[in-house]
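Me: Please take one part of this structure and look at it closely, then follow its connections outward. I would like the cut-offs behind each term stated where the term comes in.

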Amino acid sequence: MTVGTVAAIDLGATSGRVMIGHVGPDTLVTEAVMRFGNNPRRIDGQLHWNTGLLYSKAILGLRTAAQQHAGIQSIGVDSWAVDYGLVSRGSLLSEPFHYRDERTAQGVERVHQILDHGALFERNGLQFLPFNTIYQLASEAPRRLEAAEHLLLIPDLFNFWLTGEVFAERTNASTTGLLDIRTGEWDLDLMASVGVPSAMLPSLVDPGMVVGTLTATAAHATGLSTTVPVTAVGSHDTASAVAAVPLTSDGAAFVSCGTWGLVGVEVGAPVLTPAALQANFTNEGGVDGRVRLLRNVMGLWVLTEAIRGWQTDGHLVDLEQLLRNAAALPERAVSHFDIDDARFLPPGDMPSRIDAWCLEHGVRPPSTRDEYARSIVESLAQAFAATAHEAAALKGTPLTTINLVGGGALNELLCQRTADRAGVPVDAGPVEATALGNLLIQARSVGLVHGSLEALRDLVLRTHSPRRYTPHI
Ligand code: LFR
């Protein structure tokens with residue numbers, strides 16, 4: 001049986017990695033070649049990514065991968081969604097804005113003066129999130145949009161730097177708010193009505209298609225050949241993650257839990273019912289034309305950000321110890337709060353915001369770090385459980401299990417409490433679902449594996465057995 005090697009660049013909001021996958025019909029072995037932090041910066045008070053630095057880390061990762069593994073057959077890039085670089089004459093006009101930058105309120109107002117959320121949902125099928133690309137673009141200075149030749153979402157930008165080719169990968173494009181949910185093509189009328197110049201939007205490609213091969217510069221920097229293809233994958237990280245979720249029944253929901261907790265079900269066609277609109281669910285484009293009916297739950301962000309705040313005095317917080325202490329508290333020791341309240345979206349002092357929420361709602365705020373950690377995990381588990389049930393109801397199937405993948409799968413307290421609160425088993429893992437989904441789509445494209453998404457998921461199940469948490473109450 002042929003086993004071949006492909007490489008994934010997987011960029012998350014807090015860290016990135018270059019992973020190697022050895023893939024064949026019965027093989028799916030991964031190796032993290034390089035991990036690096038992703039540290040957004042404030043420039044003139046506004047939050048931006050540092051994509052230049054991320055790209056140089058990714059190149060270094062590929063170089064290391066090439067030194068360690070002969071015959072890399074393809075490279076694929078995925079990242080968080082919605083954010084973009086504006087490119088003119090081959091260069092970025094500025095480092096891309098971070099979706100947590102608060103500039104988009106005016107964009108929301110501008111767009112909603114023309115089309116309200118219900119009217120937009122009709123056309124693009126998306127949940128309301130104040131940072132969807134459409135609102136970000138409506139917050140841009142018109143002269144920047146005029147100056148831009150191309151709008152490239154983050155993985156498209158990396159693909160452009162690697163190959164010189166300009167494309168928009170469709171799963172990620174589906175998060176912009178500018179794609180027609182019924183046709184999967186750019187909605188030119190919508191763009192015209194909200195003032196987005198459509199000429200800057202590249203042609204769409206689907207996961208599995210070859211974007212191009214390495215430029216001479218990229219080949220030289222990585223030590224790879226100019227014949228190595230860059231393959232479009234589910235370049236939205238959630239699309240890649242869900243491609244690798246070993247969903248085994250129709251009633252299985254997924255939680256892709258990292259910085260965000262993306263909670264939903266897979267469906268064959270968009271669900272555009274009034275109930276889906278009312279519940280603020282989204283229909284995001286998946287690999288092989290599947291649709292993810294999901295809602296964004298705040299995710300591990302609140303905990304990570306609380307810890308970042310506690311560490312500013314230079315004392316490192318031991319996450320594992322913190323979670324052990326939190327787990328040892330009696331269940332009723334802490335209140336839970338609405339983790340999806342918009343106040344938790346921007347960076348800042350999470351404990352004070354939790355206090356404020358609790359006081360406003362007449363419940364006791366946590367008083368120690370252990371209590372804050374427990375309260376955050378309980379609140380997340382509650383949101384995961386409720387949203388998984390809502391997703392199954394919108395799909396019209398009873399919830400049977402929850403597959404929880406991503407970094408959150410390592411958090412035993414979170415997995416157990418999600419199972420307890422949902423009343424169904426939680427199957428935790430794989431932790432690296434996003435990278436696996438990225439690698440598998442490339443592997444299929446170069447002919448190392450074959451078949452439907454179910455065949456790929458079966459390979460994940462055979463090689464990465466999940467850990468089951470059964471509900472206790
Ligand atoms: C997860 C994710 C979500 C998206 C959010 C912002 O990493 O891609 O799917 O809503 O980040 O882009």
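Reply: V82 is found in the loop between β6 (72–79) and β7, where helices (H or I, at least four residues) and strands (E, at least two) are DSSP runs numbered from the N terminus. This is a predicted model, in which local features need pLDDT of at least 70 and side-chain atom pairs count only at pLDDT 80 or more, while totals for chains, interfaces and linings use all residues. Residues are numbered from 1 along each chain as its sequence is written.

The backbone at V82 has a phi near 60°, a positive value in a residue other than glycine. V82 also belongs to the surroundings of the ligand: of the 13 residues there, W80, A81, V82, T238 and W260 come nearest, a residue being near a molecule or strand if its C-beta atom, placed from the backbone, lies within 6 Å of it. By class, this shell has 7 nonpolar, 5 polar and 1 charged residues, with Ala, Val, Leu, Ile, Met, Phe, Trp, Tyr, Cys and Pro counted as nonpolar, Asp, Glu, Lys and Arg as charged, and the others, Gly among them, as polar. At least three residues of the shell come from each of domain 1 (4–237) and domain 2 (249–429), bounds that come from an automatic or database domain assignment.

On the side of β7 (residues 84–88), an open sheet of 3 strands runs in the order β8-β7-β9 with antiparallel pairing, two strands being paired if DSSP finds at least two bridges between them. β8 (91–92) and β9 (150–153) stand at the edges, each with a single partner strand, so one side of each is left without a neighbour in the sheet. Strand β7 is joined to β9 by 4 bridges, and Y84 has L153 as its bridge partner in β9. Helix α6 (residues 154–163) packs on this sheet, touching β7 and β9, and its direction makes about 110° with that of β9; contact here requires C-beta atoms, placed from the backbone, within 7 Å, and axes are lines fitted to C-alpha atoms, for helices over the stretch in contact, with angles from 0 to 180 degrees between N-to-C directions.

The second sheet is open and has 7 strands with mixed pairing, in the order β16-β17-β15-β14-β18-β19-β20. Its edge strands are β16 (282–285) and β20 (467–469), each with a single partner strand, so one side of each is left without a neighbour in the sheet. From one strand to the next the twist averages 30°. The antiparallel strands β14 (residues 252–257) and β15 (residues 261–267) are joined by 4 bridges, and V255 stands opposite V263 in β15. Helix α15 (residues 369–395) packs on this sheet, touching β14, β15, β17 (291–297) and β18 (401–405), with its direction at about 15° to that of β15.

Returning to the two domains, their centres, taken over C-alpha atoms, are separated by 25 Å. Their contact takes 22 residues from domain 1 and 19 residues from domain 2. On the side of domain 1 that touches domain 2, the elements giving two or more residues are α3 (117–124) and α7 (170–173), and α3 gives the most, with 3 residues. That side has 7 nonpolar, 11 polar and 4 charged residues.

Note on methods. Two residues are in contact if their C-beta atoms, placed from the backbone, lie within 7 Å.
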